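Me: Please take a close look at a single part of this structure, and then place that part in its wider setting.

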Amino acid sequence: MNIAFVANGKKTEFFYQIGLEIQKICPQVDIYFICSSSVQYDIYLNHGVQKNKLLLINWSILYRDSKPIGEYKLNEIAGYDRGLKNCFEDGIRYLKNMQEPFFNFVSGNNLKYIFGEMTWASEVLMARICQDKFNGSCAYLHPQSIRIPNGRFCFMDTEFQDSLYPIRKCFFQRFRFLNSTIYFAYYDKILHHVFQSLIPPLEL
């Protein structure tokens with residue numbers, strides 16, 4: 001089974017560490033990364049991630065001849081994006097040109113789950129493409145913390161964040177954990193390990 005993470009700011013390094021922990025427990029899972037900037041792309045290359053497991057969909061795709069694969073209300077998406085709304089025409093061209101490379105990356109690598117935010121226009125578009133072209137075969141999931149009860153998290157499976165992805169369908173279930181308590185405990189263990197490796201101890 002193959003999964004992908006969508007790099008985003010400081011989560012770029014965080015997702016890489018999460019991927020390492022997943023592969024320690026389940027080596028048959030292949031990890032891929034989707035990057036919207038060359039900085040994110042270079043971070044993964046420097047970690048030794050192979051180029052065929054990386055997708056770069058940065059501003060350079062404006063100059064590619066790529067056809068859209070569907071109707072995804074790009075004007076709406078770009079209008080809500082804090083960056084693209086200030087360069088609207090280029091933003092629409094960017095969203096049109098990223099569709100085919102993203103589709104080919106998902107289908108060519110048989111991705112089952114994609115984990116990322118649903119804030120920027122490119123992220124919302126990827127979620128819409130997964131719902132349209134890969135419904136049932138590849139889900140775009142947004143990890144979200146839960147306030148009550150605290151110390152837990154869930155996956156949102158729509159851009160409106162109005163529904164939860166059923167836990168029994170989540171790929172973590174394939175690790176054969178018995179219930180959500182063990183699942184959450186496993187998640188906490190991963191986060192603890194990752195944070196310990198990323199954040200230096202305080203010097204008192």
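Is Cys-35 buried or exposed, and what is its relative accessible area?

Reply: Cys-35 is buried, with a relative accessible area of 1%. A residue is called buried under 20% relative accessible area, exposed over 50%, and partly exposed in between, using a 1.4 Å probe and protein chains only. The model is a predicted one, in which local features need pLDDT of at least 70 and side-chain atom pairs count only at pLDDT 80 or more, while totals for chains, interfaces and linings use all residues. Residues are numbered from 1 along each chain as its sequence is written, and side-chain values use heavy atoms, with hydrogens and water left out.

Another cysteine, Cys-87, falls into a separate class: its relative accessibility is 28%, so it counts as partly exposed. The structure holds zero disulfides, a disulfide being a pair of cysteine sulfur atoms within 2.5 Å.

The surroundings of Cys-35 can be approached through Tyr-41. This tyrosine is placed in helix α2; helices (H or I, at least four residues) and strands (E, at least two) are DSSP runs, numbered from the N terminus. Tyr-41 is itself buried, at 16% relative accessibility. Apart from neighbours within four places in sequence, Tyr-41 is in contact, meaning heavy atoms within 4.5 Å, with Cys-35, Lys-51, Leu-54 and Leu-56. As for Lys-51, it stands 10 residues from Tyr-41 in sequence, and their C-alpha atoms are 9.1 Å apart in space.

Helix α2 also has a helical partner. Two packed helices are described by the angle between their axes and the distance between the axes. The axes of α1 (residues 11-25) and α2 (residues 38-46) come within 10 Å and cross at roughly 30°, so α1 is roughly parallel to α2. Axes here are lines fitted to C-alpha atoms, for helices over the stretch in contact, with angles running from 0 to 180 degrees between N-to-C directions. Angles under 35 degrees count as roughly parallel, over 145 as roughly antiparallel, 65 to 115 as roughly perpendicular, and the rest as oblique. The crossing of α1 and α2 is right-handed; a crossing has that hand if the near helix is turned clockwise from the far one by less than a right angle, and is left-handed if anticlockwise. From α1, Thr-12, Glu-13, Phe-15 and Tyr-16 make the contact, and from α2, Gln-40, Ile-43 and Tyr-44 do so. By class, the residues of this contact are four nonpolar, two polar and one charged. Ala, Val, Leu, Ile, Met, Phe, Trp, Tyr, Cys and Pro count as nonpolar, Asp, Glu, Lys and Arg as charged, and the others, Gly among them, as polar.

A further helix pair is formed by α4 (residues 88-108) and α5 (residues 121-133), whose axes come within 10 Å and cross at roughly 50°. This angle makes α4 oblique to α5, and α4 passes α5 in a right-handed crossing. On the α4 side, Tyr-94, Leu-95, Met-98, Gln-99, Phe-102 and Phe-103 take part, meeting Ala-121, Ser-122, Leu-125, Met-126, Ile-129, Cys-130 and Lys-133 of α5. The residues of this contact divide into 10 nonpolar, two polar and one charged.

Within this contact, Ser-122 of α5 is buried, at 11% relative accessible area. Beyond its neighbours within four places in sequence, Ser-122 is in contact with Tyr-94, Leu-95 and Met-98. Phe-134 lies in the loop between α5 and β5 (139-146) and is buried at 8% relative accessibility. Not counting residues up to four places away in sequence, Phe-134 touches Phe-103, Val-106, Ser-107 and Ile-129. The C-alpha atoms of Phe-134 and Lys-112 are separated by 9.1 Å, with the two positions 22 residues apart along the chain.

Two loop residues deserve mention for their backbone. Asn-110, in the loop between α4 and β4 (111-115), is not a glycine yet has a positive phi of about 50°; at 58% relative accessibility it is exposed. Lys-73, in the loop between β3 (54-56) and α3 (74-80), likewise has a positive phi, near 55°, and is exposed at 53% relative accessibility.

As for the wider setting, the chain has six helices and six strands, arranged along the sequence as β-α-β-α-β-α-α-β-α-β-β-α. Of its 204 residues, 45% are buried. Among contacts with a separation of 6 or more, 65% join residues 24 or more positions apart.
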